[in-house]
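Reader: I would like a close look at a single part of this model, taken slowly and with its surroundings included. Please start from how the strands pair and work outwards from there, keeping to what the coordinates support.

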Amino acid sequence: LHLHLCSLAMKRKAGSRGVAVNSIKLEVSLPSGRCGTVSVLESGTIGDVKIAAQQSLGQPFLRLATANGRLVDPTDSVRLSGLEDGDSLTAVAQQPKIAATGGAFALWCVRRHRIVTW
């Protein structure tokens, strides 16, 4: 139901904004029902979609899944991912983990497969 409501809300908002010819619009929804529409270049990556979704939803740590539940890899290309204009994605917020000592910090996010230190 929330995807349907999201679609209706996005159609009302879409009239004034143009989309570049080689870009696609995707609807991104959180399980809470909050949603947004993002436009990305077809030549871009899923990472570009993720960054646009993070900005649109105001949520910094997201994992994206297709309507059939398949998690999308941020390194995959939009063109080869099978996503098409108007498709819907579900964004799942993730909790980052942080550890600190007197002189260093480490940040790890589930399923990111990397640790950032400083």
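**The four-stranded sheet and what packs on it**

Author: Strands β1 and β2 are joined by seven bridges and run antiparallel to each other. This is a predicted model, and everything that follows should be read with that in mind. The same two strands make a hairpin in which five residues lie between them, and G33, in the turn, has a positive phi of about 105°. Within the pairing, V28 has G36 of β2 as its bridge partner.

On its other pairing, β1 (residues 23–29) meets β4 (residues 88–93) in the parallel sense, here over three bridges. V28 takes part in this contact too, standing opposite L89 in β4, while S29 stands opposite T90 of that strand. The strand β4 in turn is joined to β3 by five bridges, and these two run antiparallel; one of the pairs across them is L64 with its bridge partner A91 in β4.

Put together, these pairings give an open sheet of four strands in the order β2-β1-β4-β3, with mixed pairing. Because β2 (35–41) and β3 (62–66) stand at the edges and have a single partner strand each, one side of each is left without a neighbour in the sheet. With direction ignored, neighbouring strands of this sheet are turned by 35° against each other on average. As general background, the strands of a sheet pair through backbone hydrogen bonds, in either the parallel or the antiparallel sense.

T90 is a useful residue from which to view the β3 and β4 part of the sheet. T90 has its place in strand β4, and its relative accessible area of 25% makes it partly exposed. Apart from neighbours within four places in sequence, T90 is in contact with S29, R63, L64 and A65. The C-alpha atoms of T90 and L64 are 5.7 Å apart, although the two residues are separated by 26 residues along the chain.

G69 offers another view, this time from outside the strands, since G69 lies in the loop between β3 and α3 (78–81). With a relative accessible area of 52%, G69 is exposed, and its C-alpha atom is 8.9 Å from that of L89, a residue 20 places away along the chain.

What, then, lies across the sheet? Helix α2 (residues 46–57) lies across β1, β2, β3 and β4, and runs at about 145° to β2. The helix has twelve residues and reaches 16 Å from its first C-alpha to its last, which is close to the 16 Å expected at 1.5 Å a residue. Its buried residues are I46, G47, V49, K50, A52, A53, Q54 and L57, and these pack against β1, β2, β3, α3 and β4. In general, an α-helix has 3.6 residues a turn, so residues three or four places apart point the same way.

The helix and the sheet come together in the largest nonpolar core, which has 18 residues, and of these L26, V28, V40, V49, L64, L89 and A91 touch the most other members. The elements giving two or more residues to this core are β1, β2, α2, β3 and β4, and the largest share, five residues, comes from α2. V40 illustrates how such a member is surrounded: leaving aside neighbours within four places in sequence, V40 is in contact with N22, S23, I24, L26, D48, V49, A52 and V78. Nonpolar side chains tend, in soluble globular proteins, to be buried together.

Finally, the setting of this part within the chain as a whole deserves a word. The chain contains three helices and seven strands, and its elements run α-β-β-α-β-α-β-β-β-β from the N terminus on. Of its 118 residues, 31% are buried, and the chain exposes about 7,400 Å², of which carbon and sulfur atoms supply 57%. Among contacts between residues at least 6 apart in sequence, 48% join residues that are at least 24 apart; the pair T90 and L64, 26 residues apart along the chain, gives one example of that kind, with L64 listed among the contacts of T90.

Definitions and conventions. Residues are numbered from 1 along each chain as its sequence is written. This is a predicted model: local features need pLDDT of at least 70, side-chain atom pairs count only at pLDDT 80 or more; totals for chains, interfaces and linings use all residues. Side-chain values use heavy atoms; hydrogens and water are left out. Two strands pair if DSSP finds at least two bridges between them. Axes are lines fitted to C-alpha atoms, for helices over the stretch in contact, and angles run from 0 to 180 degrees between N-to-C directions. Contact means heavy atoms within 4.5 Å. Buried means under 20% relative accessible area, exposed over 50%, partly exposed in between (1.4 Å probe, protein chains only). A nonpolar core is a set of buried Ala, Val, Leu, Ile, Met, Phe, Trp, Tyr and Cys residues joined through side-chain atoms within 4.5 Å. Accessible areas come from the Shrake-Rupley method with a 1.4 Å probe; for residues, only the protein chains shown count as cover. The expected span of a helix is 1.5 Å times one less than its number of residues.
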